[in-house]
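Subject: Handing over the structure, with notes on its salt bridges

Dear colleague,

I am passing this structure on to you, and below it you will find what I noted while going through it. Please read the notes with the structure open beside them.

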Amino acid sequence: TLSGRWYASYFSSSEWMRATAISLSTALLTVLIATPVGFLAAYAVARTTPRLGSVATAIIVLPTILPHIVVAVGMFFVLSWGGLINTITGLTIGHVVVALPFVFVVMLSALRSYDFSQEKAAVSLGASQFRAVVDITLPQLKMSLVAAALLAFISSIDEVIISMLVSTGSASTLSRRMLVSLTDVIDPTIAAISTLFILVTVSVIVIVQLTGNRSALVPGGTER
């Protein structure tokens with residue numbers, strides 16, 4: 001029976017806490033990298049020609065189309081060549097590859113409904129293109145950025161296949177350690193951790209939904 005005992009077992013275990021710290025740090029790094037890169041990619045696609053944009057979109061979302069194990073094996077060989085196996089850097093790169101398409105799709109959808117004439121007006125009044133994007137575009141897309149960042153975070157936390165191949169031993173993530181533990185012994189602590197995973201995932205979904213609803217209520221904004 002699942003009880004507070006198993007939650008206490010989780011929080012008092014140095015191994016579980018180390019795996020949790022690795023997962024959280026990797027997820028935060030993934031958000032910090034995937035969110036701006038995904039936005040820039042979406043911005044470039046939104047401003048380029050439809051044909052070139054279609055090609056770029058297909059390349060960026062490819063990791064979500066290919067079987068996940070294929071992406072994981074490819075990342076394993078690339079990271080092995082770079083000597084990044086069992087490192088936070090290698091793990092983060094793998095998670096960014098998986099999270100980037102989610103950020104890209106969210107931001108591209110937001111930019112499709114954005115009125116770029118506002119940027120042109122700012123530039124015509126003397127602002128640089130960079131200042132126009134930072135001061136005009138980003139504030140109006142902040143809700144979509146929050147939603148994209150949350151999706152990147154949860155995709156990293158839940159990622160297990162790439163983690164199985166590129167992180168072992170002391171560099172294991174929480175999801176990898178859970179899966180490995182299931183093969184050794186049935187530990188109720190895993191069930192307790194699973195409920196926390198579900199709680200985090202549901203919380204992110206609720207936040208994203210509330211973010212979308214708030215965007216829809218903003219008068220005169222572009223995110224409707």
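With which residue does R177 form a salt bridge, and how far apart are the closest N and O atoms? The partner is E15, and the closest N and O atoms of the two residues are 2.5 Å apart. Because R177 belongs to helix α11, which covers residues 174-184, while E15 belongs to helix α2, which covers residues 14-47, the pair ties together parts that are 162 residues apart in sequence. R177 counts as partly exposed, at 23% relative accessibility, and E15 is likewise partly exposed, at 40%.

Please bear in mind that the model is a predicted one, and that the values in this email are to be read accordingly. Searching the whole structure gives three salt bridges, and the other two are described next.

Helix α2 also takes part in a salt bridge through R47, whose side chain meets that of E119 with an N to O distance of 3.2 Å. This pair, too, links distant parts of the chain, since R47 lies in helix α2 and E119 in helix α7 (residues 117-124), 72 residues apart. The surroundings of the two partners are not alike: R47 is partly exposed, with a relative accessible area of 39%, whereas E119 is buried, with a relative accessible area of 2%, and buried here means under 20%.

The remaining salt bridge joins the side chains of R131 and D135, at 2.9 Å from N to O. Here both residues lie in helix α8 (residues 129-140), where they are four residues apart, about one turn of the helix. R131 is partly exposed, with a relative accessible area of 39%, and D135 is partly exposed as well, with a relative accessible area of 42%.

One further residue may be worth a look while you have the structure open. Is S156, in helix α9 (residues 142-158), buried or exposed? S156 counts as buried, at 3% relative accessibility. When its neighbours within four places in sequence are left aside, S156 is in contact with T26, A27, T30 and H95.

To retrace these notes, you could begin with R177 and E15, go on to R47 and E119, then turn to R131 and D135, and end with the contacts of S156.

With kind regards

Note on methods:
Residues numbered from 1 in each chain as written. Predicted model: local features only at pLDDT ≥ 70, side-chain atom pairs only at ≥ 80, totals over all residues. Heavy atoms only, no water. Salt bridge = Lys/Arg side-chain N within 4 Å of Asp/Glu carboxyl O. Helix = DSSP H or I, 4+ residues; strand = E, 2+ residues; numbered from the N terminus. Buried < 20%, exposed > 50% of the residue type's maximum accessible area, 1.4 Å probe, protein only. Contact = heavy atoms within 4.5 Å.
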